Amino acid sequence: MAEEAARKLLPAFQTPTGMPYGTVNLLHGVNPGETPVTCTAGIGTFIVEFATLSSLTGDPVFEDVARVALMRLWESRSDIGLVGNHIDVLTGKWVAQDAGIGAGVDSYFEYLVKGAILLQDKKLMAMFLEYNKAIRNYTRFDDWYLWVQMYKGTVSMPVFQSLEAYWPGLQSLIGDIDNAMRTFLNYYTVWKQFGGLPEFYNIPQGYTVEKREGYPLRPELIESAMYLYRATGDPTLLELGRDAVESIEKISKVECGFATIKDLRDHKLDNRMESFFLAETVKYLYLLFDPTNFIHNNGSTFDAVITPYGECILGAGGYIFNTEAHPIDPAALHCCRRLKEEQWEVEDLMKEFYSLKQGKSRFQKTTMSSGPWKPPAGPGTFSSAENHDGVREKKPTKQRIPLLSCPSQPFTSKLALLGQVFLDSS
């Protein structure tokens, strides 16, 4: 089902830049009148799910399109190292040139870090760290992060958005705990002022922004509290959790659930409950107060699954949450990787070769082919083989092996899988 859904998204990536349209019709593809203007986050928030899907299906196309989109955003950054808010995916021209860490950009930075951790990809982490330098140089003021013009670095909006509250949690993932805590405490003072985070908060005035006074029970500050508490054990973070539980119960609870707060100044309610309240806000609160939850596993316990190809370790911890707080087990991702059909054919040949080797037999060479999908031409064009571990063939039509396939000695340690493979008795 996941593969079927993802394939319906692939037409969005068929652009001259490789950056996807923001909307795609699941039946017919991209509508002819669809706007080519997409937000930065809408372009850069695929690598976690799509790389996972490529690993589990053996089809590299999902990871490839996600990586090309990331690379094209990287190439489009300004001379001072910042990216804007919205870009035209046909021309590569920036339409909205406000640079910041909040709405329209947020999960792009999040996925560079999480993708780097999940895939052990140094290039993705290097990209984020370079962005992080520019963000600190041009958007950070007294442990707040403002919005600036992406080419000049001049302040365009001196506001804090509630969506930016994920940033301390992201900082904790790269070990920048001191800066994370200072920024978190700034955001926490806003929470205590209103009993929640308004969508926009004017930093110089210390108050809400007109028509942005609402709080739809967003999870970002609680998410950061959970990550930082795991990193520091600071009880201040539990105080935020307690405040959040009490505030949500007191001012948001209604007969049918928990309502969006329309205006934090008088706590008027709206007739809606956003999906992320259950998917993220409640989940992060639960994990903040549940230190023995399996999600927090530090590797001291795990499940050992015996497969025909060796022992597989699962559930050891280090889970990566996607941007909607759904966890992915990195061990399962790598252990359950579906290898391309040709690899298993060559391994069969190797087994036969070693059995015939005793009879002084000789094998001919066999060649591994590359997949048919190619990224759009441009300065950032790269192949999976050169930049990351991946397979280059379409998914086998017939499953030859169990999904859990973990050779005790990886086949890649025996011979090169890319290019030509020569087998003989030497």
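In this predicted model, helix H3 is followed by Gly58. The phi of Gly58 is positive, near 80°. The helix that precedes Gly58 spans residues 47-57.

H3 is largely enclosed by the rest of the structure, because nine of its 11 residues are buried. Buried here means under 20% relative accessible area. The buried set opens with Ile47 and Val48. Phe50, Ala51, Thr52, Leu53, Ser54 and Ser55 also belong to it. Thr57 completes the list.

These buried residues pack against several elements. Helical partners are H1, H4 (61-75), H5 (106-119), H6 (122-138) and H12 (330-335). Strand E19 (327-328) is a further partner.

The packing of H1 on H3 was examined in detail. Two packed helices are described by the angle between their axes and the distance between the axes. For H1 (residues 2-9) and H3, the axes come within 11 Å and cross at roughly 125°. H1 is therefore oblique to H3. An angle of this kind lies neither in the 65 to 115 degree range counted as roughly perpendicular nor over 145, the limit for roughly antiparallel. The crossing of the two helices is left-handed.

On the H1 side, the contact is made by Ala2, Glu3, Ala6 and Leu9. On the H3 side, Phe50, Leu53 and Thr57 meet them. The contact residues divide into five nonpolar, one polar and one charged. An α-helix has 3.6 residues a turn, so residues three or four places apart point the same way. Phe50, Leu53 and Thr57 of H3 are also among the buried residues of that helix.

A second site of interest is His267. This residue is found in the loop between strand E14 (261-263) and strand E15 (268-269). His267 is partly exposed, because its relative accessibility is 31%, and partly exposed covers values between 20% and 50%. Leaving aside residues up to four places away in sequence, His267 touches Phe194, Ile251 and Ile261. His267 and Gly196 are 71 residues apart in sequence. In space, their C-alpha atoms are 9.8 Å apart.

Cysteines were considered last. A disulfide requires a pair of cysteine sulfur atoms within 2.5 Å. By this rule the count is zero disulfides. Cys39 is partly exposed, with a relative accessible area of 23%. Cys256 counts as exposed, at 78% relative accessibility.

Technical notes. Residues are numbered from 1 along each chain as its sequence is written. This is a predicted model: local features need pLDDT of at least 70, side-chain atom pairs count only at pLDDT 80 or more; totals for chains, interfaces and linings use all residues. Side-chain values use heavy atoms; hydrogens and water are left out. Buried means under 20% relative accessible area, exposed over 50%, partly exposed in between (1.4 Å probe, protein chains only). Axes are lines fitted to C-alpha atoms, for helices over the stretch in contact, and angles run from 0 to 180 degrees between N-to-C directions. Helices (H or I, at least four residues) and strands (E, at least two) are DSSP runs, numbered from the N terminus. Angles under 35 degrees count as roughly parallel, over 145 as roughly antiparallel, 65 to 115 as roughly perpendicular and the rest as oblique. A crossing is left-handed if the near helix is turned anticlockwise from the far one by less than a right angle, and right-handed if clockwise. Contact means heavy atoms within 4.5 Å. Ala, Val, Leu, Ile, Met, Phe, Trp, Tyr, Cys and Pro count as nonpolar, Asp, Glu, Lys and Arg as charged, and the others, Gly among them, as polar.
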